[in-house]
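This briefing addresses the strand pairing and one surface feature of the structure shown below. Please read the points alongside the coordinates.

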Amino acid sequence: EQELKELFLFAALTGLRIGEILNLTWNNIDFQKQLISVANSDNFTTKTGKERVVPMNNLIGKLLQQKRLNNSTDLPPYYVPTGIIVNSFFRSNWLI
């Protein structure tokens, strides 16, 4: 549950869509420039089909750096194993 709360916070503070977040790789994150590149790939296309760059605030930067330090494998920042449905969590918990 903590992982989903963190994912929710990440979405709220970056403005990234759930599909964009789940398709991020460590190569999309530039810690030096504090930027996140949202890119199309063979398995994913952004909603608009356009790639974009999103700035990271300090909280997001720290959160991602901690995830990177704790990541003993090369899994993406927000890896969701098959079978876990995240989209329904966002729809039922999004507060406007």
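In this predicted model, β1 and β2 form a hairpin with four residues between the two strands. Gln34, in the turn, has a positive phi of about 55°. The hairpin belongs to an open sheet of three strands, ordered β1-β2-β3, with antiparallel pairing. The edge strands are β1 and β3, each of which pairs on one side only.

**Strand pairing**

- Strand β1 covers residues 29–30 and runs antiparallel to β2, to which two bridges join it.
- Within this pair, Asp30 stands opposite Leu35 in β2.
- On the pairing of β2 with β3 (residues 52–55), there are four bridges, and the two strands again run antiparallel.
- Leu35 also has a counterpart in β3, where Pro55 stands opposite.

**Side chains along β2**

- Side chains alternate along β2, which spans residues 35–38.
- Ile36 and Val38 point to one face and are buried.
- Leu35 and Ser37 point to the other face and are not buried.

**Nonpolar surface patch**

- Leu9, Leu13 and Leu59 make a nonpolar surface patch of about 230 Å².
- Leu59 lies in helix α3, which comprises residues 58–70.
- Leu59 has a relative accessible area of 45% and is therefore partly exposed; this class lies between the limits of 20% for buried and 50% for exposed.
- The same value of 45% for Leu59 is compatible with the patch criterion of over 30% relative accessible area.

Note on methods. Residues are numbered from 1 along each chain as its sequence is written. This is a predicted model: local features need pLDDT of at least 70, side-chain atom pairs count only at pLDDT 80 or more; totals for chains, interfaces and linings use all residues. Side-chain values use heavy atoms; hydrogens and water are left out. Buried means under 20% relative accessible area, exposed over 50%, partly exposed in between (1.4 Å probe, protein chains only). Two strands pair if DSSP finds at least two bridges between them. Patches are made of residues with over 30% relative accessible area and no salt bridge: like charges are joined within 9 Å, nonpolar side chains (Val, Leu, Ile, Met, Phe, Trp, Tyr) within 5 Å. Accessible areas come from the Shrake-Rupley method with a 1.4 Å probe; for residues, only the protein chains shown count as cover. A salt bridge is a side-chain nitrogen of Lys or Arg within 4 Å of a carboxyl oxygen of Asp or Glu.
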